[in-house]
Amino acid sequence: MAWFRSLIQVSATARSATKPRISDPFSYTLLSRFSSEPAPIHETPAPQPPTQYSGLGPTKPGEKPRVVVLGTGWAGCRLMKGLDTDIYDVVCVSPRNHMVFTPLLASTCVGTLEFRSVAEPIGRIQPAISREPGSYFFLSNCVGLDPDKHLVQCETVTDGAEPLKPWKFEISYDKLVIALGAKPTTFGIQGVEEHAIFLREVYHAQEIRRKLLLNLMLSDVPGVSEEEKSRLLHCVVVGGGPTGVEFSGELSDFIQRDVRQRYSHVKNYIHVTLIEANEILSSFDDRLRHYATKQLTKSGVRLVRGIVKDVKAQKIILNDGTEVPYGLLVWSTGVGPSPLVNSLPLAKAPGGRVGVDEWLRVPSVQDVYSIGDCSGFVESTGKPTLPALAQVRNCLKNNLCSKESSCRPVDPHACESP
């Protein structure tokens with residue numbers, strides 16, 4: 001076994017010759033994980049400052065000023081469409097990449113119009129965001145605002161069964177236009193968010209159509225009781241404003257023209273109920289209100305005056321204790337400021353909207369404007385809050401007149417606003 005002992009000695013000599021020197025701390029640290037010898041102690045590195053989010057930095061001298069628009073509603077899209085991209089770069093941030101013609105959403109619920117007919121891509125409204133090097137559209141939510149540093153904090157939109165982790169980034173702006181719109185009001189009534197369907201987005205209309213057709217199919221299945229058929233085919237609309245009245249009218253036309261022909265077995269069970277606390281279309285002229293009431297009643301819509309107290313999975317409870325079973329519940333009781341608008345560090349108008357002056361500028365901060373349903377006049381202007389209608393809240397280039405709930409468009413070249 002002499003040859004074996006010689007081999008051991010040669011191996012030991014080779015290991016000692018190839019052992020790394022202490023002057024190579026990286027190699028020694030790696031090898032020390034597999035060694036019984038203690039590794040040398042190194043000083044703990046100083047803590048590094050937190051990593052800043054990447055994004056669009058401030059514009060450089062010689063570049064076009066950057067206008068950041070938050071939102072793709074009526075106000076934001078109208079502004080982007082009229083913006084001179086030879087003078088400004090435009091950056092749009094919104095959780096949806098299209099504009100919705102909301103007055104026609106009710107028609108898409110019953111198939112009168114297709115969904116693509118009421119939506120317009122942002123790239124068509126303002127082509128510069130698709131072709132200009134300094135203009136962009138980001139499918140993201142605005143999560144914060146730093147007006148002192150002229151920064152907007154954003155977070156990407158994720159969805160799906162396995163959503164990706166949202167990516168946060170910042171955008172520097174030269175001019176900021178807040179057009180975040182509003183959210184449906186529920187008045188804190190329990191069960192509305194879980195069981196009712198709103199009618200403000202395309203996916204809302206898709207869900208209403210799916211639910212309506214599903215209930216029609218289920219009610220035609222043999223063995224379904226008379227009571228269950230009546231519940232499945234009872235469509236309840238809460239809110240007698242423009243959206244609620246439009247949807248009730250479209251639904252009644254759908255029942256008269258299509259359901260009675262294609263679903264003859266259940267045609268006598270389907271009916272529509274419109275619940276309103278006061279008069280329907282209370283903000284409109286008396287003649288229009290009486291005409292709408294007459295037409296809805298003539299088409300078979302049942303008008304009920306009451307206040308919803310609670311919403312259950314298959315019924316709603318009114319303040320007088322009346323229980324109203326339903327198969328489809330559409331909630332349309334008006335709009336109010338979104339949680340993001342409430343959280344912005346800006347002056348607020350009565351009602352919680354972003355306060356603006358006569359030129360739609362946000363007081364006390366530089367280069368920030370607010371338009372659309374998210375904005376309202378501060379008390380110092382003496383002007384009333386305008387209604388949430390596109391005719392009076394669609395653009396910076398509107399000269400508001402003294403009459404309440406109205407406006408007067410002027411020559412856009414006479415306005416010095418951006």
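In this predicted model, Glu279 is partly exposed, its relative accessible area being 38%. The side chain of Glu279 meets that of Arg305 in a salt bridge with an N to O distance of 2.7 Å. This pair links distant parts of the chain, since Glu279 belongs to the loop between strand S12 (271-276) and helix H11 (286-298), whereas Arg305 is in strand S13 (residues 301-305), 26 residues apart. Arg305, at 57% relative accessibility, counts as exposed because this value is over the 50% limit.

The salt bridge of Glu279 and Arg305 is one of twelve that the structure holds. Another is formed by the side chains of Glu114 and Arg209, for which the N to O distance is 3.8 Å. Here too distant parts of the chain are linked, with Glu114 in the loop between H4 and strand S5 (119-121) and Arg209 in helix H8 (residues 202-219), 95 residues apart. Glu114 is partly exposed, with 35% relative accessible area. The twelve salt bridges also include that between Glu323 and Lys315, whose closest N and O atoms are 3.2 Å apart. Glu323 counts as partly exposed at 47% relative accessibility, and Lys315 likewise counts as partly exposed, at 30%.

Aromatic contacts were examined next. A pair of aromatic rings is described by the distance of the centres and the angle of the planes. The structure holds three aromatic pairs, one of which joins Trp74 and Phe101 in a tilted arrangement, at 5.1 Å centre to centre and with 50° between the planes. Trp74 lies in helix H3 (residues 74-82) and Phe101 in the loop between strand S4 (98-100) and helix H4 (105-109), so the pair ties together parts that are 27 residues apart in sequence. Both rings belong to partly exposed residues, the relative accessible area being 29% for Trp74 and 36% for Phe101.

The pair of Phe138 and Phe169 is edge-to-face, with 5.4 Å from centre to centre and 70° between the planes. Because Phe138 is placed in strand S6 (residues 136-146) and Phe169 in strand S8 (residues 168-172), this pair ties together parts that are 31 residues apart in sequence. Phe169 counts as buried, at 8% relative accessibility. Ring pairs extend the arrangement to Tyr136, which is linked with Phe138 and Phe169 into a cluster.

The largest nonpolar core comprises 45 residues, and those with the most contacts inside it are Leu70, Leu145, Val152, Ile171, Leu176, Ile178 and Leu346. When residues up to four places away in sequence are not counted, Leu70 touches Val93, Cys142, Val152, Leu176, Val177, Ile178, Ala179 and Leu180. Apart from this core lies another, of 36 residues, whose members include Ala205, Cys235, Val266 and Leu274.

Leu274 also appears among the contacts of Ser248, which touches Val237, Val272, Leu274, Leu296 and Val301, residues up to four places away in sequence again being left out. Ser248 lies in helix H10 (residues 242-262) and is buried, with a relative accessible area of 0%. A polar atom of the Ser248 side chain lies 2.8 Å from the backbone oxygen of Gly244. The buried side chain of Ser248 thus combines a polar partner in Gly244 with contacts to residues that include Val237 and Leu296.

Methods
Residues numbered from 1 in each chain as written. Predicted model: local features only at pLDDT ≥ 70, side-chain atom pairs only at ≥ 80, totals over all residues. Heavy atoms only, no water. Phe/Tyr/Trp six-rings, centres within 6.5 Å; stacked < 30°, edge-to-face > 60°. Helix = DSSP H or I, 4+ residues; strand = E, 2+ residues; numbered from the N terminus. Buried < 20%, exposed > 50% of the residue type's maximum accessible area, 1.4 Å probe, protein only. Core = buried A, V, L, I, M, F, W, Y, C linked by side-chain atoms within 4.5 Å. Contact = heavy atoms within 4.5 Å. Polar contact = N/O pair within 3.5 Å; in protein donor to acceptor, adjacent residues only side chain to side chain. Salt bridge = Lys/Arg side-chain N within 4 Å of Asp/Glu carboxyl O.
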